There are 2 protein chains.
Amino acid sequence: MLQKSLPMPTPISFSVHDHRACMIQAIDQAKQLCAKRKLRLTAIRQQVLQLIWQSHKPIGAYDLLALINQQGGKAAPPTIYRALDFLLEHGLIHRLASVNAFIGCICPEHGHQGSFLICRQCHRAQEVTHPTLTSKLQKLAQAQGFAVESTILEVSGLCQACQREQA
Amino acid sequence: MLQKSLPMPTPISFSVHDHRACMIQAIDQAKQLCAKRKLRLTAIRQQVLQLIWQSHKPIGAYDLLALINQQGGKAAPPTIYRALDFLLEHGLIHRLASVNAFIGCICPEHGHQGSFLICRQCHRAQEVTHPTLTSKLQKLAQAQGFAVESTILEVSGLCQACQREQA
DNA sequence: GATGGGACGTTATAATGTTACAAAAAAGTC
DNA sequence: GACTTTTTTGTAACATTATAACGTCCCATC
């Protein structure tokens with residue numbers, strides 16, 4: 001069992017790593033967070049979260065639906081979207097607007113905005129933080145009198161492994 | 001007729017301004033750009049561009065479709081999407097992933113990435129540039145060995161006018 | 001005026017997301 | 001424990017956004 005407040009997880013989506021540990025940690029974190037906030041991590045919600053964490057590739061709502069029904073469930077779209085809404089609302093996952101898909105949040109306890117590097121080849125995504133960038137953006141908006149509420153930052157490109165493959 | 005290579009348009013979406021001038025300039029710019037690149041700004045393409053420029057609010061594909069058919073056309077979705085694809089491809093419009101909608105580009109001649117402030121109340125959007133922010137992002141990505149190809153930056157919040165209204 | 005490539009029309013369909021209402025399960029109250 | 005209340009889930013239908021496939025037309029060029 002890991003410490004509760006790590007400074008910030010190391011970015012590993014694009015690296016070779018023991019992914020089982022990622023999943024276990026994510027589910028464990030979710031359970032702790034729900035316990036702390038008196039939220040109900042129901043069977044479906046946990047199942048959806050687990051499926052999302054099966055890889056570092058964002059997954060679409062209907063792909064999740066198909067997986068759940070393959071596993072013996074018989075869910076309809078609203079079931080999935082409700083689970084996703086719950087997970088989004090409590091910061092356990094992020095939605096990537098540029099690819100209409102969902103990905104696990106690596107640090108649900110932080111109130112931060114997720115920003116992502118998304119490889120167009122292997123489709124893996126890596127959450128990144130950017131303290132100075134965020135403050136710069138804030139200033140830029142303020143200069144226009146604009147009050148920032150939320151920010152979407154999604155970078156598309158090639159991860160290191162896929163660059164090597166390309167060459 | 002305006003100069004071809006302005007340094008960068010002033011951000012005015014959230015200000016009171018003569019919007020007819022915006023439209024005229026946009027269409028004029030588009031015509032020039034197409035002439036220069038030997039592209040065909042066909043009737044439908046121009047009509048779609050014009051409709052997009054009717055305001056500074058991003059507009060959805062099916063709203064465009066409805067408008068065109070109101071104006072006597074009888075288009076089907078593919079017609080609209082093809083026009084949108086053309087306009088996107090040549091930098092005349094941007095697609096805002098966070099709201100599934102399209103908005104005119106204020107400086108199609110620049111090769112830059114569009115980034116946007118989007119007011120959640122009046123729905124107007126303002127394209128912004130951020131030279132230092134872009135370079136910071138580039139560095140951040142490089143630190144992870146990630147090769148950036150394109151970036152989506154969409155900030156949601158309240159514009160100045162809507163903040164005043166709120167209070 | 002042939003002809004070849006790009007643009008458009010048309011029909012159907014895929015993919016993504018939501019509404020509305022009923023049933024079931026869990027939590028709170030006495 | 002029996003009751004009420006709230007939350008969650010099931011279910012069917014529907015709404016929105018986007019694409020595929022194929023045929024026709026236009027028109028720029030030779």
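# Notebook: protein chains A and B with DNA strands C and D

**Entry 1. The surface near DNA strand C.** I began by asking which helices supply at least two residues each of the surface near DNA strand C. They are helix H4 (77-89) of chain A, together with H2 and helix H4 (77-89) of chain B. I note at the outset that the model is predicted.

I then looked up the residues themselves. There are 16 residues around DNA strand C, and those that come nearest are A:Tyr62, A:Tyr81, A:Arg95, B:Thr42 and B:Arg82. I sorted the residues of this surface by class and recorded 7 nonpolar, 3 polar and 6 charged. On the DNA side, I took the atoms of strand C within 4 Å of the protein: 48% of them belong to sugar or phosphate, and the rest belong to bases.

**Entry 2. Polar atoms at DNA strand C.** Which parts of DNA strand C lie by the polar side-chain atoms of A:Tyr81 and B:Thr42? For A:Tyr81, I found a polar side-chain atom 2.8 Å from a phosphate oxygen of strand C. For B:Thr42, a polar side-chain atom lies 2.4 Å from a phosphate oxygen of strand C. I also recorded B:Arg45, where an N or O atom of the side chain is 3.2 Å from a sugar or linking oxygen of strand C.

**Entry 3. The surface near DNA strand D.** I turned next to the other strand. DNA strand D is surrounded by 15 residues, of which A:Thr42, A:Arg82, B:Tyr62, B:Tyr81 and B:Arg95 are the closest. By class, I recorded 7 nonpolar, 3 polar and 5 charged residues on the surface near strand D. Of the atoms of strand D within 4 Å of the protein, 50% belong to sugar or phosphate and the rest to bases.

I looked up three distances to phosphate oxygens of strand D. A polar side-chain atom of A:Thr42 lies 2.6 Å from one such oxygen. For the side chain of A:Thr79, an N or O atom is 3.4 Å from a phosphate oxygen of strand D. For the side chain of B:Tyr81, the distance from an N or O atom to a phosphate oxygen of strand D is 2.9 Å. Two or more residues of this surface come from each of helix H2 (43-52) and H4 of chain A, and from H4 of chain B.

**Entry 4. H2 and H4 of chain B.** I then examined how the helices of chain B pack. The axes of H2(B) and H4(B) are 9 Å apart, and the helices pack at an angle of about 80°. H2(B) is therefore roughly perpendicular to H4(B). From H2(B), the contact uses B:Ile44, B:Arg45, B:Val48, B:Leu49 and B:Ile52, and from H4(B) it uses B:Thr79, B:Ala83, B:Leu84, B:Phe86 and B:Leu87. I counted by class 8 nonpolar residues, 1 polar and 1 charged in this contact. B:Arg45 thus appears twice in my notes: in this helix contact and beside strand C.

**Entry 5. H2 and H3 of chain B.** At what angle do H2(B) and helix H3 (residues 61-70) of chain B cross? The angle is roughly 115°, and the axes come within 10 Å. The two helices are therefore roughly perpendicular to each other. I noted the crossing of H2(B) and H3(B) as right-handed. Here B:Gln47, B:Val48, B:Leu51 and B:Ile52 of H2(B) meet B:Leu64, B:Leu67 and B:Ile68 of H3(B). The class count for this contact is 6 nonpolar, 1 polar and no charged residues.

**Entry 6. H1 and H2 of chain B.** Lastly, I looked up helix H1 (residues 19-37) of chain B. Its axis and that of helix H2 (residues 43-52) of chain B come within 10 Å and cross at roughly 150°. H1(B) is therefore roughly antiparallel to H2(B). This crossing is right-handed. B:Met23, B:Ile27, B:Ala30 and B:Lys31 of H1(B) meet B:Gln46, B:Leu49 and B:Gln50 of H2(B). By class, I recorded 4 nonpolar, 2 polar and 1 charged residues in the contact.

Methods: Residues are numbered from 1 along each chain as its sequence is written. Chains are lettered from A and ligands numbered from 1 in the order in which they are written. This is a predicted model: local features need pLDDT of at least 70, side-chain atom pairs count only at pLDDT 80 or more; totals for chains, interfaces and linings use all residues. Side-chain values use heavy atoms; hydrogens and water are left out. Axes are lines fitted to C-alpha atoms, for helices over the stretch in contact, and angles run from 0 to 180 degrees between N-to-C directions. Helices (H or I, at least four residues) and strands (E, at least two) are DSSP runs, numbered from the N terminus. Angles under 35 degrees count as roughly parallel, over 145 as roughly antiparallel, 65 to 115 as roughly perpendicular and the rest as oblique. A crossing is left-handed if the near helix is turned anticlockwise from the far one by less than a right angle, and right-handed if clockwise. Contact means heavy atoms within 4.5 Å. Ala, Val, Leu, Ile, Met, Phe, Trp, Tyr, Cys and Pro count as nonpolar, Asp, Glu, Lys and Arg as charged, and the others, Gly among them, as polar. A residue is near a molecule or strand if one of its heavy atoms lies within 4 Å of it. A polar contact is a pair of N or O atoms within 3.5 Å; within protein, one must be able to donate a hydrogen and the other to accept it, and residues adjacent in sequence count only if both atoms are side-chain atoms.
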